[in-house]
Amino acid sequence: MIAYLLITFALYGQPQPCAPQLMARIAHVESRGSVWATSPVGCVGLHQVQPKYSYAPRWALRIPVVSRWEGCRILRRWQHRCKGSLRCALRAYSHGNAGLRGEGEWYANKILGGSNDHPTYGRHQ
């Protein structure tokens with residue numbers, strides 16, 4: 001256990017390749033800053049990462065730096081699939097493959113500081 005924590009710190013203690021402000025905004029929108037947040041579909045932690053897509057174990061996703069790294073890794077993967085488009089990557093971060101087809105624009109707007117209107121549920125605070 002201690003060896004795993006040391007390896008985790010060595011891996012995740014490095015500078016993050018995503019903009020800190022962007023990751024902070026995603027954490028706020030996804031979990032309101034709660035490391036204990038869990039979604040109905042099983043996403044956990046600050047950045048609401050699905051454990052099945054994470055390299056870290058489920059319990060480690062509750063550690064803020066691990067959640068940030070995994071969220072960043074997943075966002076970058078989506079951005080690569082979106083040919084560099086951050087807006088498309090944000091839609092896909094929230095809506096999966098449907099985001100690649102344009103669903104979830106409200107989420108990208110919310111992260112990037114635009115409209116907070118959700119098409120179904122009205123205004124999010």
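The following legends describe an overall view and three close-up views of a predicted protein model.

**Figure 1. Overall architecture of the predicted model.** The protein contains six helices and two strands. Along the sequence, these elements follow the pattern α-α-α-α-α-α-β-β. Of the 125 residues in the protein, 39% are buried. Among contacts with a separation of 6 or more, 32% are made by residues 24 or more positions apart. The accessible surface amounts to about 7,300 Å², and carbon and sulfur atoms contribute 59% of that area.

**Figure 2. Close-up of His47 in the loop between α2 and α3.** His47 lies in the loop that separates α2 (20-31) from α3 (64-81). The relative accessible area of His47 is 1%; this residue is therefore classed as buried, since the threshold is under 20%. The His47 side chain reaches the backbone oxygen of Met23 at a distance of 3.0 Å. With neighbours within four places in sequence set aside, the contacts of His47 include Met23, Ile26, Ala27 and Glu30. Also among the contacts of His47 are Ser67, Arg68 and Gly71, together with Tyr93. Met23 thus appears in two descriptions of the site, because its backbone oxygen is reached by the His47 side chain and Met23 is listed among the contacts of His47.

**Figure 3. Close-up of Ser31 in helix α2.** Ser31 is placed in helix α2. Its relative accessibility is 7%, and Ser31 accordingly counts as buried. Beyond neighbours within four places in sequence, Ser31 is in contact with Ala37, Gly45, Leu46 and Gln48.

**Figure 4. Close-up of Ser67 in helix α3.** Ser67 belongs to helix α3. The residue is buried, and its relative accessible area is 0%. When neighbours within four places in sequence are left aside, Ser67 is in contact with Gly45, Leu46, His47, Val49 and Leu61. The contact with His47 links this view to that of Figure 2, where Ser67 is likewise listed among the contacts of His47. Gly45 and Leu46, which are in contact with Ser67, are also in contact with Ser31 of helix α2. For a pair distant in sequence, the view may include Ser67 and Ala27: these residues are 40 residues apart in sequence, and their C-alpha atoms are 9.1 Å apart in space. Ala27 is itself one of the residues in contact with His47.

Conventions:
Residues numbered from 1 in each chain as written. Predicted model: local features only at pLDDT ≥ 70, side-chain atom pairs only at ≥ 80, totals over all residues. Heavy atoms only, no water. Helix = DSSP H or I, 4+ residues; strand = E, 2+ residues; numbered from the N terminus. Buried < 20%, exposed > 50% of the residue type's maximum accessible area, 1.4 Å probe, protein only. Contact = heavy atoms within 4.5 Å. Areas by Shrake-Rupley, 256 points an atom, 1.4 Å probe, with all protein chains shown as cover. Polar contact = N/O pair within 3.5 Å; in protein donor to acceptor, adjacent residues only side chain to side chain.
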